[in-house]
Amino acid sequence: MILIKGLGIGGAETLIAEAAPLWDQDEFHYRVAYMLPWKDQLVTAISDAGVEVTSLDWKRPPGFTAMVRWRRLLRSWQPDVIHSHLPAAGLFARITAPTRSHIYTEHNLVTSYRLPTRLLNRATYGVNNAVAAVSEAVGERLSGYPGPRPRVVPNGVSVSVSDEEVVRARAELDLPAGDRLVVHVGNIRPHKGHETLIDAATIVLQRVPHVTVVSVGAEKFSGDLARLRARARDRGIDARMRFLGRRQDARALIAAADVVVNPADSEGLPVALLEALALSRPVVATAVGGVPSVVRHETTGLLVPPGSPDALAEALMRALTSPLAVEWGKEGARLVEREFGLETMVRAYESLYREVVSG
């Protein structure tokens with residue numbers, strides 16, 4: 001049983017949807033459950049892989065309907081293993097089914113969560129039979145928790161974007177002739193560095209005017225998207241800095257980019273960066289969490305300290321103008337193929353399932 005809070009557009013959610021066609025359904029009987037019914041954009045992709053998906057129909061407050069649905073699902077299906085992703089699902093699974101076998105995947109640095117979430121996650125962590133961390137950095141932050149020692153199962157991707165999709169993406173943006181395109185993909189929520197990106201873009205556009213910066217991602221809290229747009233407008237760059245909200249075609253925009261940027265203050269191992277590298281895009285990113293394991297400075301892109309618009313701007317200008325940037329992109333694609341393949345990730349999890357079931 002794969003359990004996650006929602007199946008909207010996001011890194012962990014996309015990993016589940018794209019892994020589903022690769023699951024060994026001859027050996028394992030998979031089922032997916034999600035808590036928030038309105039976050040359902042990826043349900044069809046999983047169902048199309050022949051996997052049953054159940055909404056727990058969580059209502060706030062107090063989640064009574066979700067509890068009843070979950071109990072019925074466990075009784076009727078009797079899963080050998082519950083594999084939860086991220087703290088909300090992990091907490092829910094451990095508290096409601098403490099006697100079952102649990103695998104938990106942590107996708108973020110635990111310090112990026114609010115204090116109540118961290119405390120509850122830690123308090124129930126010992127119920128887990130096994131824990132996976134998406135990068136060494138994520139695992140290190142869990143090393144003091146009272147339970148299983150985390151093992152690293154890196155995120156994996158398998159990406160294909162046609163030339164037609166790239167042409168369509170650039171045409172939709174209606175870029176001025178000769179414009180370079182910088183693309184950021186990340187939902188609007190704390191620690192994602194959108195303010196840093198706006199300030200860095202302001203510096204870049206003062207010195208390299210023929211640049212368009214696009215940020216793709218849904219807001220977590222109502223009003224945040226409008227606030228970011230207002231900040232860009234106040235800086236005088238709203239014509240060149242666009243916030244597109246949630247997009248199903250984010251990969252096409254990544255493939256259309258000259259440079260992909262990630263300005264976050266905290267990360268686990270961002271799927272969007274793996275996708276950018278797989279598509280041979282040079283990357284500029286903050287050196288946080290598991291990012292340095294894939295964005296290798298002056299090899300697959302450029303690393304900068306978090307929270308520094310000046311450093312981010314300088315790196316963006318260098319990536320936009322350096323003849324080495326093309327080779328950074330190519331080396332990124334080779335790295336992902338060697339170490340961060342989607343099938344490699346799936347087989348690692350299935351090995352973990354065998355281990356937990358066999359005791």
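**Two parallel sheets, a helix crossing and two voids**

In this predicted model, strand β11 (residues 259-262) runs parallel to strand β12 (residues 283-286), and 3 bridges hold the pairing together. Within that pair, N262 sits opposite A285 of β12. Both strands belong to an open sheet of 6 strands, paired in parallel and ordered β10-β9-β8-β11-β12-β13. The edges go to β10 (241-245) and β13 (301-304); each has a single partner strand, so one side of each is left without a neighbour in the sheet. On average, and with direction ignored, neighbouring strands here are turned by 20° against each other.

The other sheet to look at is also open and parallel, with 7 strands in the order β3-β2-β1-β4-β5-β6-β7. Here β3 (52-55) and β7 (151-152) take the edge positions, and because each pairs with a single strand, one side of each lacks a neighbour in the sheet. At the β3 end, strand β2 (residues 31-34) runs parallel to β3 and is joined to it by 4 bridges, with R31 standing opposite E52 of β3. Helix α3 (residues 64-77) packs on this sheet, where it touches β1 (2-4), β2, β3 and β4, and its direction makes about 170° with that of β2. Helix α4 (residues 86-96), for its part, lies across β1, β4 and β5 (101-106) and runs at about 165° to β5.

Next comes a helix pair. Two packed helices are described by the angle between their axes and the distance between the axes. For helix α1 (residues 11-19) and helix α14 (residues 342-358), the axes come within 10 Å and cross at roughly 90°. That crossing angle makes α1 roughly perpendicular to α14. On the α1 side the contact is made by L15, E18 and A19, while α14 brings in L342, M345 and V346. Sorted by class, this contact has 5 nonpolar residues, 1 charged residue and no polar ones.

Some of these residues turn up again around an enclosed space. Searching the whole structure turns up 1 cavity of 30 Å³ or more. The largest cavity holds about 140 Å³ of space. It is lined by 16 residues, and those closest to its centre are A19, W23, H85, M345 and Y349. A19 of α1 and M345 of α14 are also part of the helix contact described above. Elements giving two or more residues to the cavity lining are α1, β4 and α14, and the largest share, 5 residues, comes from α14. As for chemistry, the cavity lining divides into 11 nonpolar, 4 polar and 1 charged residues.

Helix α14 also has a part in an open space. The second largest pocket contains about 290 Å³. Its lining counts 15 residues, of which M1, F28, H29, D80 and V81 are the closest to the centre of the pocket. Two or more lining residues come from each of β4 (81-85) and α14. The largest share is again that of α14, which supplies 3 residues to the pocket lining. By class, the lining of this pocket comprises 9 nonpolar, 3 polar and 3 charged residues.

Conventions
Residues are numbered from 1 along each chain as its sequence is written. This is a predicted model: local features need pLDDT of at least 70, side-chain atom pairs count only at pLDDT 80 or more; totals for chains, interfaces and linings use all residues. Side-chain values use heavy atoms; hydrogens and water are left out. Two strands pair if DSSP finds at least two bridges between them. Axes are lines fitted to C-alpha atoms, for helices over the stretch in contact, and angles run from 0 to 180 degrees between N-to-C directions. Angles under 35 degrees count as roughly parallel, over 145 as roughly antiparallel, 65 to 115 as roughly perpendicular and the rest as oblique. Contact means heavy atoms within 4.5 Å. Ala, Val, Leu, Ile, Met, Phe, Trp, Tyr, Cys and Pro count as nonpolar, Asp, Glu, Lys and Arg as charged, and the others, Gly among them, as polar. On a 1 Å grid over the protein atoms alone, a cavity is a set of points where a 1.4 Å probe fits but cannot get out, and a pocket is an open set with protein on both sides within 12 Å along at least five of seven lines; lining residues have an atom within 4 Å of a point. Grid points are joined across faces, edges and corners, and a volume is the space filled by probe spheres set on the points.
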